[in-house]
Amino acid sequence: SSCCPSVPPVPLPSTTVTAPSTTRTSTTTTTGSTTTVSPFCSSGKAANNLVVFANYEGGALTINVDQNISNIYIGVMALKSMQITVTGNFASNVRRVFVSGMNTGPAGCSPGTGGPNITSVTPSNLGAILAYPSSVPVTSPAGIGNNIMVCAASCVVTEWQGGCNTGDEVAGFFASRAMAAGGFAQSAVSLYLYQTMYNCWSPTTFSLSGGASCCPTVPILPAPTSTSTSTS
């Protein structure tokens, strides 16, 4: 099939190789005598904030929106099928959820075998869930990632990812989707956090307050024309 080439399992990512563009920045908050340093990619003060979760194996992912930041756009991708739940005290700040990847089944773990299934405690706030097929083309800034959305499992952006996408490629893809959905320029959106892992979400809950795995540089990309499929 011309759409979906075979993607072999990629090796578990090294935890010691970090390119300069993936270095986490820290936000320091002082409350009284307590100082907290958190690994976020930006301050969260942007008009629109992008949050990305990516892996290889898929599975069941719960996103706990426990940070009061404005206009949150969430991007989720995996090679295999996934189940996504958005919850938390500030879930109403989420404007859109984008899902991409090959969504092959079953997932590398259970649950998450019928994907993509997306549930939310605030469907009226989320509006349509936008799912992008894996055939949507993307641009790899360094020319070493896949040219369609497939999977991501590492913070490394300077080495071939075994058929998966690089982090800057993924961040750029979801940033451009947020720009198209919200009708704003790239200068109006910042990457707040990027979480990636190889293994399945089995199930896994990520709180936004937990910070990022890394912070790939978001390349400059034009806002795309819509090629999404609404799943809600």
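Three disulfides are counted in this predicted model. In sequence order of the bonded cysteines, the pairing runs 1-6, 2-4, 3-5. The table lists the three bonds with their sulfur separations and torsions.

| Pair | S to S distance | Torsion about the S-S bond |
|---|---|---|
| Cys41 and Cys215 | 2.1 Å | about -90° |
| Cys151 and Cys164 | 1.9 Å | -95° |
| Cys155 and Cys214 | 2.2 Å | about -85° |

The disulfide of Cys41 and Cys215 is left-handed, because the torsion about its S-S bond is about -90°. This pair links distant parts of the chain, 174 residues apart: Cys41 belongs to the loop between β2 (34–38) and β3, and Cys215 to the loop between β11 and β12 (229–230). Cys41 has a relative accessible area of 16% and is therefore buried. Cys215 is likewise buried, with a value of 8%.

The link of Cys151 and Cys164 is also left-handed, with -95° about the S-S bond. Both cysteines lie in the loop between β9 (130–132) and α2, with their positions 13 residues apart in sequence. Cys151 and Cys164 are both buried.

For Cys155 and Cys214, the torsion of about -85° is why the disulfide is described as left-handed. Here Cys155, in the loop between β9 and α2, is joined to Cys214, in the loop between β11 and β12, and the two are 59 residues apart. Cys155 and Cys214 are each buried. A further cysteine, Cys200, is buried as well, with a relative accessible area of 18%.

**Nonpolar cores**

In soluble globular proteins, nonpolar side chains tend to be buried together. The largest nonpolar core of this model holds 48 residues, and the members that touch the most others are Phe53, Ile63, Ile74 and Phe174. At least two residues of this core come from each of β3 (48–54), β4 (59–64), β5 (72–77), β6 (82–87), β7 (94–100), α2 (167–182), β10 (189–196) and β11 (201–207). Helix α2 supplies the largest share, seven residues.

Which residues are in contact with Phe174, once its neighbours within four places in sequence are left aside? The partners of Phe174 are Leu50, Val52, Gly75, Val76, Met77, Phe98, Ser100 and Met149. A second core, separate from the one described above, consists of nine residues, among them Tyr56, Ile148, Ala153 and Tyr198.

**Surroundings of Ala54**

Ala54 is situated in strand β3. Is this residue buried or exposed? Ala54 has a relative accessible area of 0%, which means that the residue is buried. With neighbours within four places in sequence set aside, Ala54 is in contact with Met77, Ala152, Tyr194, Gln195, Thr196, Met197 and Trp201. One of these partners, Tyr194, is 140 residues from Ala54 in sequence, yet the C-alpha atoms of Ala54 and Tyr194 are 8.0 Å apart in space.

Met77 appears in the contacts of Ala54 and also in those of Phe174.

Definitions and conventions
Residues numbered from 1 in each chain as written. Predicted model: local features only at pLDDT ≥ 70, side-chain atom pairs only at ≥ 80, totals over all residues. Heavy atoms only, no water. Core = buried A, V, L, I, M, F, W, Y, C linked by side-chain atoms within 4.5 Å. Buried < 20%, exposed > 50% of the residue type's maximum accessible area, 1.4 Å probe, protein only. Helix = DSSP H or I, 4+ residues; strand = E, 2+ residues; numbered from the N terminus. Contact = heavy atoms within 4.5 Å. Disulfide = S-S within 2.5 Å.
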